[in-house]
Amino acid sequence: MTLKGRSIAKGTGTGELLYTDTPISFLGGVDAATGIIIDEKHPLHGQSVAGKVLAFPYGKGSTVGSYVMYGLARNKVAPAAIINTECETIIAIGAIISGIPMVDRLDGDVSGLSGMITVNGSTGEVSTAE
Amino acid sequence: MELDKYDQALLDGEYGESRQKMMEILLALGKIYDAERFIPVKSVQVSGASFKTIGEAGLEWLSSIDAKAVVPAFLNPIGMPRNGWEELGIPQSFAEKQIQVNEAYVRLGIRPTCTCTPYYFSIVERGDHLAWSESSAVSYANSVLGARTNREGGPSALASALTGKTPEYGLHIVKNRLPQIEFRLDDPEAAKKWTNAEYGALGVVAGAIAGNRIPLFMGLRPNRDMLKSLGAAMAASGAVALYHVNEITPETRFPFFKQHIAEDEREVVTIEVAEVLDVFKEVEVSAVAIGCPHLSREEVTRVAELLAGKKTVMPFYVFVAEEMKVSCAEELAVIAKAGAKVVPDTCMVVSPLMDHAGAVMTNSGKAFSYLPGMCGVAPRMGTLEDCVRVGCGE
């Protein structure tokens, strides 16, 4: 199946879905060296974003979070792609400077998708393998 | 969004890969804020200048960019003075990284002005579109100079520097610049005797109430330095990027603005003078810090007059832009002779200088708001005269 959203950062990425309904702060929330979510209050605490299609509502926290995303990409532990409900500037800029494909405002619910998911940040399309 | 030929060429990579990425950043901002088109900017002020804030990843990103600014672009204060950091006890490991950050910006064509007051060194005219970052500079440009800028982040400001464009939304659009909350004083007569410090304290109180709304002050007659102090404090205690003072700031003289003030309803809040004076609580201090935002020529002159022939008895910091240091050399020599440390390029908030100071006295409402959180020190608000008196043990 295919969902359609808005293109934010171009490129294509494929990975397993890592979904949360809780906003993420990359500064102080995600370890740039390992890609592990270190915010103890976050439901995904302890999980790695590396290679995943990371879906969350929107970013929060310091604007320096964009640079943390760049650090993840440099350390090869960045998400394969990002899906936001409604993107804001920290995540959008972080995704663009880090080369992480990103879309928002999908026309359907992403939380139930399973298997490998492909995000096309250039067209805004999100599709499953089946 | 509507793109002109130049915008499209930037996005297509015709001006190189770095500028293409920069335009993608601006396009994303345009989408987020529903801009209809891009507009040219006259100048840019870039934040993200201290290694303390941007870190290793930020430095790596800057180093990866290969393009030069196409409009005048100024750098925000950095984490230390470029010269003489050794004497101030800045660690070598930090200084080396900070120097690399500076070099990266210079390579991108960003002028290393290292100041939060770029308006003293560049011509800004009413109605100019800018892409400035630092909150007090944004407030001054919008409110006092009547220019138009949103509060940019480091990457978006850099993107505007390297492309000359910004998406048209927010405070670039005239109808978004009208007041949303009105402030009055219970005793406007009292304000006639106020200095910059009382205006800073008013900013501390008003910013917390205004949040991100656009305030309109009635019945005040502040000069430019008082406006600077008021705006800087409101940008710190609140998120005020634009405010108006009726009959004083430029946009309040526009006929459509006058009409709006007369006809439109908004929340009116009366601030008591006692509330403002309450900010000046006496606290035992171990250092004094002046120059947040960096001092104007008039302020430098006043500090020199007050310190002439005196001796400071505790660390007394005076923060200025390097260019001001050059043009006010005589006054600053008087200040230094009194034992005060004249520090360019940085400030009490972004450098590690205050980190172990205990309690610090300042005449700045902005520094008063930030010192506890950013430096872990207790702040004391005082007029410049009181700062000199306490700093000289009188």
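## Helix 5 of chain B

Right after helix 5 of chain B comes B:G146, with a positive phi near 70°. Helices here are DSSP runs of H or I with at least four residues, strands are E runs of at least two, and both are numbered from the N terminus. This is a predicted model, in which local features need pLDDT of at least 70, side-chain atom pairs count only at pLDDT 80 or more, and totals for chains, interfaces and linings use all residues. Residue numbers start from 1 along each chain as its sequence is written, while chains are lettered from A and ligands numbered from 1 in the order in which they are written.

Helix 5 itself spans residues 135–144 of chain B and is mostly covered, with ten of its ten residues buried. Buried means that 20 or more other C-beta atoms (placed from the backbone) lie within 10 Å of the residue's own; 12 or fewer makes it exposed, and anything in between is partly exposed. Among the buried residues are B:Y140, B:N142 and the serines B:S135, B:S136, B:S139 and B:S143. The cover over the buried residues of this helix includes strand 2 (44–46), helix 8 (224–237), strand 7 (244–245) and helix 14 (365–375) of chain B.

## Chain B as a whole

Chain B has 15 helices and 13 strands. Its C-alpha atoms fill a box of roughly 65 × 60 × 35 Å along the principal axes. The radius of gyration is 21 Å, which agrees with the value near 21 Å for a compact globule of 394 residues. That radius is taken over C-alpha atoms, and the globule rule is 2.2 Å times the number of residues to the power 0.38.

Of the 394 residues in chain B, 54% are buried. Take the contacts in chain B between residues at least 6 apart in sequence: 78% of them join residues at least 24 apart. A contact means that two C-beta atoms, placed from the backbone, lie within 7 Å.

## Domains of chain B

The domain assignment splits chain B into domain 1 (5–174), domain 2 (178–277) and domain 3 (287–391). Such bounds come from an automatic or database domain assignment. Between domain 1 and domain 2 of chain B, the C-alpha centres are 28 Å apart. Their contact draws twelve residues from domain 1 of chain B and 16 residues from domain 2 of chain B. On the domain 1 side, that's four nonpolar, six polar and two charged residues. For these classes, Ala, Val, Leu, Ile, Met, Phe, Trp, Tyr, Cys and Pro are nonpolar, Asp, Glu, Lys and Arg are charged, and the others, Gly among them, are polar.

## A parallel sheet in chain B

Chain B also has an open sheet of four strands in the order 7-6-5-8, with parallel pairing. Strand 7 and strand 8 (267–271) of chain B are the edges, each pairing on one side only. Two strands pair when DSSP finds at least two bridges between them.

Inside this sheet, strand 5 (residues 181–185) and strand 6 (residues 215–217) of chain B run parallel and are joined by three bridges. Here B:F183 stands opposite B:F217 of strand 6.

## Chain A

Now for chain A, with two helices and eight strands, which run β-β-β-β-α-β-α-β-β-β from the N terminus on. Its C-alpha atoms fill a box of roughly 35 × 25 × 25 Å along the principal axes. The radius of gyration is 13 Å, which agrees with the value near 14 Å for a compact globule of 130 residues. Buried residues account for 48% of the 130 in chain A.

Strand 3 (residues 12–19) and strand 7 (residues 116–120) of chain A run antiparallel with five bridges between them, and A:T12 has A:N120 as its bridge partner. Strand 7 of chain A is also joined antiparallel to strand 8 (residues 125–128) of chain A, by four bridges. One partnership there is A:I117 with A:T128. Strands 7 and 8 of chain A form a hairpin with four residues between them, and A:G124 in the turn has a positive phi of about 85°.

## Where the chains meet

The contact between the chains takes 18 residues from chain A and 17 residues from chain B. On the chain A side, strand 2 (6–9), helix 1 (65–74) and helix 2 (89–98) of chain A each give two or more residues. Helix 1 of chain A has the largest share, six residues. By class, the chain A side has eleven nonpolar, four polar and three charged residues.
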